[in-house]
Amino acid sequence: MYPGLLDEAGTHRIRIGAHLVRGPAGTSLIDAGAGPLSLPFPPALAMANGLTNPPRYLAEAGSLPASLAAVGVAPEDITAILVTHLHLDHVGWVMKDGEPFFANADVYYGAEDWELLVDGAPDDDPARLVMQAAAEAGILRTFAPGSTEVLPGVTATHVPGHTPGHRTIEIESEGERIIFVGDLVELPAQLADREIHFMTDHDREESGAARAALFARAKSEGVVIAAAHLTNPTFGLITEDGAWRDARAR
C-alpha cells in the first residue's frame, strides 16, 4: 500500500528524537529521549509479523548528550524539559544513575499520564523508575489543564489520545508558529491515511481525531509541525494539495 516504506527486513525505522529550543525564555528541551538503550528485537514479534531476517534491535538510543555537545550545549545549560508524554523514549535522559541528568532543569509533564504509565506500570518498568526517581529528586512540575503558557511564547496544550496526558508544545515567534506534536504523528503516511495507528496509542479514536484537527489547522494556518519520530522532513508544512513539504526549504 505504501511502496518503499519497508526495508529489506520488512521493517521501517523511525527516529527517537528530542528537540532543543534556545531563545529569550532560556535553553529548553522538548522531550528527553530514551536514555542509553539497546533493546533486542523480540523473536515473538518477528514471528508474528513473518520476519525471517529482523533487525538486531527493536530500539537503539543514547546519543542525546553527544548531539547537544555538538551544538555547544552542556546538560547544565538546560533549564526546562517539556515532556509531551511519559513513554520511555521521551523521558529516558531525565535521570541518570539516580540523579537528574540536567541538573538545573525543571521537568514539566501531564499529570493525567501518571496513573496509567507510572502507578499502573510494572515495578521494573524503566519509565516508571525514571519518573519515580525524578519525583524523589523534586524536579517535576505538572502542566496546567487545557492550554497554558508554560514559558514566554511557549504554550502546552492537552491533546489526549496517544496517552491520557499527551501534550503538544507550541512556540510563537515573530509571527510564525511551530507545534511540537510528540507522538500525535509518527509516520508521514498518516497524513493521507487516518486509519494508521500505533500499538502504543491509548485511545485510537481520540488520537485520530486530534491528528485530523492538527492537520487541518496546520494546512490552513501554515503552522510548522515537528514530531519526535519524523524524518525527511523532520520539520514539515502541509501544502494546499495535502502533501508534506520540508519547512526548512521555504
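Let's start with empty space inside the protein: this predicted model has 1 cavity of 30 Å³ or more. The largest cavity holds about 30 Å³ of space. Who lines it? Look for Gln190, Arg194, Gly208, Arg211, Ala212 and Phe215. By character, that lining splits into 2 nonpolar, 2 polar and 2 charged residues.

Now turn to the sheet. It's an open one with 7 strands, and if you walk across it you meet them in the order β10-β11-β12-β13-β14-β15-β16, with mixed pairing. At the edges stand β10 (147-151) and β16 (244-246); each has a single partner strand, so one side of each is left without a neighbour in the sheet. As you step from one strand to the next, the twist averages 30°.

Zoom in on the β16 edge. Here β15 (residues 235-238) pairs with β16 in the antiparallel sense, over 3 bridges. To find your place in this pair, look for Gly236, which stands opposite Asp246 in β16. Helix α6 packs on the sheet too, touching β12 (167-173), β13 (176-180), β14 (224-226), β15 and β16. Its direction makes about 160° with that of β13.

Let's stay with that helix for a moment. α6 covers residues 204-221, and Glu205 is part of it. Is Glu205 buried or exposed? It counts as exposed, because its relative accessibility is 70% and the cut-off for exposed is over 50%. Finally, try finding His162 from here: Glu205 and His162 are 43 residues apart in sequence, while in space their C-alpha atoms are 9.6 Å apart.

Terms used
Residues numbered from 1 in each chain as written. Predicted model: local features only at pLDDT ≥ 70, side-chain atom pairs only at ≥ 80, totals over all residues. Heavy atoms only, no water. Helix = DSSP H or I, 4+ residues; strand = E, 2+ residues; numbered from the N terminus. Buried < 20%, exposed > 50% of the residue type's maximum accessible area, 1.4 Å probe, protein only. 1 Å grid on protein atoms, 1.4 Å probe; cavity = no way out; pocket = protein on both sides within 12 Å on 5 of 7 lines; lining within 4 Å. Points joined across faces, edges and corners; volume = space filled by probe spheres on them. Nonpolar A, V, L, I, M, F, W, Y, C, P; charged D, E, K, R; others polar. Pairing = 2+ DSSP bridges. Axes fitted to C-alpha atoms, helices over the stretch in contact; angles between N-to-C directions. Contact = heavy atoms within 4.5 Å.
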